[in-house]
Amino acid sequence: MKIVIIGSFPNTAKDKAGVQQTDLDSIYRESDIVSMHIPLNENTKHMIDSYAFDKMKPDAVLINTSRGAVINQEQLILALKQGSIGGACLDVYEDEPLKMDSPLRDLNNVILTPHTAGLPDGVKYHKKRYDFFISNISKVMHGELPECRLNHI
């Protein structure tokens, strides 16, 4: 896997990991996966917008576990609907909690999580979540309805 970044990264760690520094346009054009790990400030608000989506590969996946407003959510929804990008995995949203009528909930190329990526009890919480997923998968495999379903299957 080739890893490219923008921003600060210690040179020694970068060299050991084989990470390459590049510019933002190159990241948009070349990446299969764009993962956001930045603070929200006046320079980063909506930094991922229609300009970025137009440059991304049509099968690129955008992951955001940083802050919701670094992505222009309305333009993301449009890009996902039009197939400008392949998908998105979102743990954070411009407005939290994510509204029940958000169009993001109806898209098949989106994975949504409830702002839990940074929980301090992550191992315990993730085990509980995985157990829940396994139970639901088993129910579906046996023709039963899963718990807490939002979409009809």
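This is a short talk on the fold of one chain, its parallel sheet and one asparagine.

Before the details, the ground rules. The model is predicted, so local features need pLDDT of at least 70, side-chain atom pairs count only at pLDDT 80 or more, and totals for chains, interfaces and linings use all residues. Residues are numbered from 1 along each chain as its sequence is written, and side-chain values use heavy atoms, with hydrogens and water left out.

I start with the whole chain. It has 5 helices and 6 strands, where helices (H or I, at least four residues) and strands (E, at least two) are DSSP runs numbered from the N terminus. Along the sequence the pattern reads β-α-β-α-β-α-β-α-β-β-α. Of the 153 residues, 31% are buried, meaning under 20% relative accessible area with a 1.4 Å probe, protein chains only. Among contacts (heavy atoms within 4.5 Å) with a separation of 6 or more, 50% are between residues 24 or more positions apart. The accessible surface is about 10200 Å², and carbon and sulfur atoms hold 56% of that; the areas come from the Shrake-Rupley method with a 1.4 Å probe.

Next, the sheet. It is open, has 4 strands in the order 3-4-5-6, and its pairing is parallel; two strands pair if DSSP finds at least two bridges between them. Strand 3 (33–36) and strand 6 (110–112) are the edges: each has a single partner strand, so one side of each has no neighbour in the sheet. On average, neighbouring strands of this sheet are turned by 10° against each other, direction ignored. Strand 3 and strand 4 (residues 61–64) run parallel and are joined by 4 bridges, and Met36 has Asn64 in strand 4 as its bridge partner. Helix 4 (residues 73–82) packs on the sheet, where it touches strand 4, strand 5 (87–90) and strand 6. The direction of helix 4 makes about 140° with that of strand 5; axes are lines fitted to C-alpha atoms, for helices over the stretch in contact, and angles run from 0 to 180 degrees between N-to-C directions.

Last, the asparagine. Asn136 sits in helix 5 (residues 122–141). Is Asn136 buried or exposed? Asn136 is buried, at a relative accessible area of 10%. Beyond its neighbours within four places in sequence, Asn136 is in contact with Pro146 and Glu147. Pro146 lies 10 residues from Asn136 in sequence, and their C-alpha atoms are 4.9 Å apart. As for Glu147, its backbone nitrogen is reached by the side chain of Asn136 at 2.8 Å.

Technical notes
Buried means under 20% relative accessible area, exposed over 50%, partly exposed in between (1.4 Å probe, protein chains only). A polar contact is a pair of N or O atoms within 3.5 Å; within protein, one must be able to donate a hydrogen and the other to accept it, and residues adjacent in sequence count only if both atoms are side-chain atoms.
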